[in-house]
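Work through the exercises below with the sequence and the coordinates at hand. Each task is followed by its solution.

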Amino acid sequence: MAQHIPFGRPDAAPAASADDTAPAGTVSQEVLVTGMTCGHCAASVREEISELDGVAKVSIDLNRGGASRVVVHSAAPLDPAAVAAAVAEAGYEVANA
């Protein structure tokens with residue numbers, strides 16, 4: 001069974017989308033990312049976060065013009081600074097760091 005661990009703002013836990021299905025045996029952490037406006041933006045963020053050790057899946061709810069919800073499923077909890085660095089490498093910023 002997957003475990004959910006909030007990143008940043010615990011009060012910002014929107015309803016899960018269909019893409020949030022966590023692989024078995026993983027923990028889920030979410031982060032809000034600003035600046036993404038299209039599928040290419042989301043793909044860049046997904047690619048950078050996916051390169052972190054232990055990441056099994058990255059789900060993104062794109063919110064053009066606002067903060068997009070990114071859910072990271074991994075074998076163990078990730079360092080929020082490492083996730084923020086991966087997002088920055090893609091050219092975007094974590095809103096709730």
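The protein exposes about 5,000 Å², of which carbon and sulfur atoms supply 54% (Shrake-Rupley method, 1.4 Å probe; for residues, only the protein chains shown count as cover). The model is predicted: local features need pLDDT of at least 70, side-chain atom pairs count only at pLDDT 80 or more, and totals for chains, interfaces and linings use all residues. Residues are numbered from 1 along each chain as its sequence is written, and side-chain values use heavy atoms, with hydrogens and water left out.

**Exercise 1.** Write down the order of helices and strands along the sequence.

Solution. Start with the inventory: two helices and five strands (DSSP runs numbered from the N terminus; helices are H or I with at least four residues, strands E with at least two). Reading along the sequence then gives β-β-α-β-β-α-β.

**Exercise 2.** Find the strands that pair with β2.

Solution. Strands pair if DSSP finds at least two bridges between them. Strand β2 covers residues 27–34. With β4 (residues 68–74), β2 forms seven antiparallel bridges; here glutamate 30 stands opposite valine 71. With β5 (residues 93–94), β2 forms two bridges, also antiparallel, and threonine 34 has glutamate 93 as its bridge partner.

**Exercise 3.** Is isoleucine 49 buried or exposed? List its contacts.

Solution. Isoleucine 49 lies in helix α1 (residues 39–50). Its relative accessibility is 0%, so isoleucine 49 is buried (under 20% relative accessible area; exposed is over 50%, partly exposed in between; 1.4 Å probe, protein chains only). Leaving aside neighbours within four places in sequence, isoleucine 49 is in contact (heavy atoms within 4.5 Å) with Val55, Val58, Val70, Val72, Val83, Ala86 and Val87.
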